[in-house]
Amino acid sequence: MKRFVLVYNPISGHAFVKTQLDYMIDAFERRDAMLIPYRTRLADTKMAEFIREADPVGVLAMGGDGTLNEVVTTVLKNELHVPIAVIGSGTSNDFATHLGVTENLEEYFDHIVAENTTPSDVGMVNGNYFVNVASAGMFTAVAHEVNARLKHAMGKAAYYLRGIGELPKFHTMKLHVVADGEAHDLAAYFFIIVNSTIAGGVKNAAPLAKIDDGKLDLVAVKQCSMKDFVTLAAEVIGGRVKPDDPNIFYVQASSFDMMTDEPEESDLDGERGPMLPLHIETLHHAIDLFV
């Protein structure tokens, strides 16, 4: 009987996972497979040992993008060499949405048990992994300041509400970017370096992105008038990002160095990341994903 480890975050997505555990276990039993649950904890140090002892044919990450990051980090740092499934159940499920595995779980379970996989790139920044996005700037600060209780109660709306309240305080940062050895200087409100096409719940935030091309996509919103900013925001939210928009800096590269003139905190897959400067590399085909 095939064994799979289910790593789940008990508080993600309104604690959605607690109501789904029995369904998940039953779904795999119906497919003559065994699902072994593992509950994540703060400062978790036992996940790698648990996965190694279980000796599964794959690991399911059930939670938001942060939970997926935790699983991928554990697998890579400990050289576990197991494929990963993405079961989105958090406030932000950007990577799962990009993969298209959120619409029909029963069909996805069939693919997992059949061990259908595809390779995926992973980003590394200052020694830390990220699966989907690294960012810095005004929206990063907003995300980190959203109260956890408000986040669980309202989901992504909490971020948008907080962002509206911060509009009068928006400021630019002076960015010095080196992308595959080519230098660029610009003033920007924020930037994202993304692996998939989706970031912050925005579809087509990086329309040229592919998870297996050995590159990451840098999208930065340049300093512009408030009128242009509002127009651009409407385009972005509507999933109509244009790489050639004069108010957007868009470049694809396998490595980036990101520097600013003032201290800026980064965000990796929805969690606090290191302070800038950042050295970012693409780890080509670092993991295998069930699809």
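These exercises work through aromatic rings in a predicted model.

**Exercise 1. Classify the pair F4 and F290, and place both residues in the chain.**

Step 1. A pair of aromatic rings is described by the distance of the centres and the angle of the planes.
Step 2. By the pairing rule, the model holds six aromatic pairs. F4 and F290 make one of them, with centres 6.1 Å apart and 65° between the planes.
Step 3. Centres must lie within 6.5 Å, and planes over 60 degrees apart count as edge-to-face. The pair F4 and F290 is therefore edge-to-face.
Step 4. F4 sits in strand β1 (residues 2-8) and F290 in strand β15 (residues 278-290). The two are 286 residues apart, so the pair links distant parts of the chain.
Step 5. F4 and F290 are both buried.

**Exercise 2. Classify the pair Y38 and F50. Is each residue buried or partly exposed?**

Step 1. The ring centres of Y38 and F50 are 4.8 Å apart, and the planes meet at 50°.
Step 2. That angle is neither under 30 nor over 60 degrees, so the pair is tilted.
Step 3. Y38 belongs to strand β2 (residues 33-39), F50 to helix α3 (residues 47-54). They are twelve residues apart.
Step 4. Buried means under 20% relative accessible area. Y38 has 6%, so Y38 is buried. F50 has 28% and is partly exposed.

**Exercise 3. Which residue lies over the face of Y38?**

Step 1. R41 lies over this ring, at 5.9 Å from the ring centre.
Step 2. The distance cut-off for such a charge is within 6 Å.

**Exercise 4. Which residues form one aromatic cluster with F4?**

Step 1. The cluster joins F4 to Y23, F28, F109 and F290.

Conventions
Residues numbered from 1 in each chain as written. Predicted model: local features only at pLDDT ≥ 70, side-chain atom pairs only at ≥ 80, totals over all residues. Heavy atoms only, no water. Helix = DSSP H or I, 4+ residues; strand = E, 2+ residues; numbered from the N terminus. Buried < 20%, exposed > 50% of the residue type's maximum accessible area, 1.4 Å probe, protein only. Lys NZ or Arg CZ within 6 Å of the ring centre and 35° of its normal.
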